[in-house]
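Thanks for making the time, everyone. I would like to walk through one model this morning, beginning with its internal cavities and then turning to its salt bridges and one of its helices.

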Amino acid sequence: MAEKSRIGVTGLAVMGANLARNIASRGVPIAVHNRTTAKTTQFIEDYGHEGAFTGAESTADFVAALEKPRRIIVMVKAGKPVDGVIEELTPLLDEGDIIIDAGNSHFPDTVRRTAECAANGIRFMGVGVSGGEEGALLGPSIMPGGDPEAYEEVREIFESIAAVVDGTPCVVHVGPGGAGHYVKMVHNGIEYADIQLIAEAYDLLTHVAGLDAPAIGKIFEEWNSGDLESFLIEITGKVLAKTDEKTGRPLVDVIVDQAGQKGTGTWTAIDALGLGIPLTGITEAVFARGLSALRDERKKASTTLAGPQPAGKADRTDLVEDIRQALYASKVVAYAQGFAQMRAASIENGWDLDLGAMATIWRGGCIIRAQFLNRIRDAYAEHPDLDNLLMVPYFTEAVATAQDAWRRVVVTATEQGVAIPAFSSSLSYYDGYRTERGPANLIQGLRDFFGAHTYKRTDEEGSFHTRWAQDGTEVKTD
Ligand code: 6PG
């Protein structure tokens with residue numbers, strides 16, 4: 001009888017295929033399967049020589065090819081397809097087998113599937129995998145959630161395939177239930193904010209500094225050797241430097257300005273609203289994609305709605321450095337918000353997330369990988385219960401140093417009519433967060449006026465209501 005495979009991957013689109021190849025490249029015998037058999041056959045034809053693959057035509061053959069407890073990675077489109085695969089696998093599995101959903105599933109689905117699988121004696125893990133096609137093949141960042149004992153069954157394989165930074169693999173058991181997919185969701189939300197901030201910087205460099213794409217590409221290349229060093233800044237330089245083969249123009253100049261999205265950013269924003277966490281950077285990034293999609297409306301509005309008078313030429317040298325600083329400060333805010341959200345979710349769900357460990361596994365392999373994450377890891381190492389990253393000396397100082405430039409950029413952009421929702425909302429969040437007494441006293445007064453919603457006083461315990469429409473006296477309500 002042929003040697004059983006230690007693990008299986010079902011779903012051989014590019015992410016599943018690359019993950020399977022990565023696993024096989026570590027000498028792990030692996031079974032592969034796809035709903036359409038032709039894809040499995042093609043996979044074996046293309047990559048069969050790379051490792052100990054067993055190509056399975058049917059789900060039954062796939063399950064039979066695996067050693068027990070069976071470890072099955074499901075890499076199909078998030079949503080119904082995942083439930084379909086689980087349904088098909090369940091009758092073929094035994095008590096204690098493990099189904100690993102490595103797609104971008106919404107965490108409440110993961111919570112539900114964990115319970116449904118548990119009812120059938122199956123251990124379900126929701127695992128975030130980041131790094132795109134290349135990461136999946138060469139070393140992703142992996143965010144496994146679910147039963148810690150089930151994780152132990154796959155830990156060795158996961159540690160062997162993950163990206164490695166300073167000798168540490170970018171994988172750690174995140175927490176129970178939906179925790180892994182939750183953290184991946186926030187990772188993607190932060191990815192949205194990072195990308196939006198980069199896009200705003202590009203817009204300013206184009207329309208205020210008057211630079212062309214290749215020149216801006218060079219600026220990003222330079223920025224990548226400083227505080228901003230990260231995968232996204234690096235590839236921005238490359239994308240901006242690319243010439244379109246058909247027209248000879250910069251490729252970005254012929255790409256339609258409508259951003260796509262698959263939902264993870266929206267989920268992050270909705271979740272933050274539910275938790276009551278101000279998540280302005282990520283949420284504005286989602287809205288900005290929504291606005292970008294309204295291309296026809298924007299076309300009409302561009303000739304109807306007034307903008308400011310064209311401004312004179314800005315001093316480029318100062319402006320470029322100001323934009324760099326504004327980008328960095330806004331990025332700090334976006335991460336501070338994303339980490340505050342994970343903290344709140346951890347408390348809400350009893351996940352006990354180790355936020356320093358999240359920063360550690362995001363240092364390599366994933367889309368938001370960056371030098372900067374070392375600072376976040378250090379911050380949580382020193383202050384595990386940190387409320388907000390802005391309060392750690394390194395970040396407090398970084399933002400203090402950048403704030404003048406940040407303010408100038410927001411003013412200039414606003415004066416010149418360039419939309420900078422992420423830059424400006426991050427600055428407003430910063431100003432709001434550092435304000436001891438904000439204007440919510442008036443909000444409370446208004447709420448009490450129209451709805452008797454009560455308010456608290458600064459000088460006395462309890463809740464109060466003023467009888468605005470009657471005699472104007474104040475009553476204590478508890
Ligand atoms: C990753 C990416 C990956 C994917 C996003 C893109 O971590 O590898 O985040 O998950 O590229 O889903 O999301 P949008 O299509 O919504 O931009």
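Before the cavities themselves, a word on residue classes: Ala, Val, Leu, Ile, Met, Phe, Trp, Tyr, Cys and Pro count as nonpolar, Asp, Glu, Lys and Arg as charged, and the others, Gly among them, as polar. What you have in front of you is a predicted model, in which local features need pLDDT of at least 70 and side-chain atom pairs count only at pLDDT 80 or more, while totals for chains, interfaces and linings use all residues. Residues are numbered from 1 along each chain as its sequence is written, and side-chain values use heavy atoms, with hydrogens and water left out.

By a cavity I mean a set of points, on a 1 Å grid over the protein atoms alone, where a 1.4 Å probe fits but cannot get out, and its lining residues are those with an atom within 4 Å of a point. Grid points are joined across faces, edges and corners, and the volume is the space filled by probe spheres set on the points. Searching the whole structure in this way gives two cavities of 30 Å³ or more.

The largest cavity holds about 60 Å³ of space, and among the residues lining it are Asp194, Lys331, Tyr335 and Arg369. In terms of class, that lining comprises eight nonpolar, one polar and three charged residues. Helices and strands here are DSSP runs, helices being H or I over at least four residues and strands E over at least two, numbered from the N terminus. On that basis α8 (179–207), α10 (231–241) and α15 each supply at least two residues of the lining of the largest cavity, and α15 gives the most, with three.

The second largest cavity has about 40 Å³ of space, and its lining is made up of Leu19, Ile73, Ala102, Val127, Val129, Ile142, Phe158 and Ile161. Two or more of these lining residues come from each of β6 (123–130) and α7 (148–161). How does this lining divide by class? It has eight nonpolar residues, with no polar and no charged ones.

Let me turn to the salt bridges, each being a side-chain nitrogen of Lys or Arg within 4 Å of a carboxyl oxygen of Asp or Glu. The structure holds 28 of them, and one network of salt bridges links Asp83, Asp101, Asp109, Arg112, Arg113 and Glu116. Within that network, Asp109 and Arg112 meet at 3.6 Å, N to O, and because they are three residues apart in helix α5 (residues 107–119), about one helical turn separates them. Arg112 also meets Glu116, at 3.3 Å, N to O, and these two lie four residues apart in α5, again about one turn. An α-helix has 3.6 residues a turn, so residues three or four places apart point the same way.

As for accessibility, buried means under 20% relative accessible area, exposed over 50%, and partly exposed in between, with a 1.4 Å probe and protein chains only. Asp109 is partly exposed at 25%, as are Arg112 at 30% and Glu116 at 40%.

Finally, helix α17 (residues 373–382) has Leu373, Asn374, Ile376, Ala379 and Tyr380 buried. Those buried residues pack against α15 (316–349), α16 (355–361) and α18 (393–416), where contact means heavy atoms within 4.5 Å. Arg377 and Asp378, by contrast, are partly exposed, at 28% and 37% respectively, and their side chains meet in a salt bridge of 3.5 Å, N to O.

Conventions: 1 Å grid on protein atoms, 1.4 Å probe; cavity = no way out; pocket = protein on both sides within 12 Å on 5 of 7 lines; lining within 4 Å.
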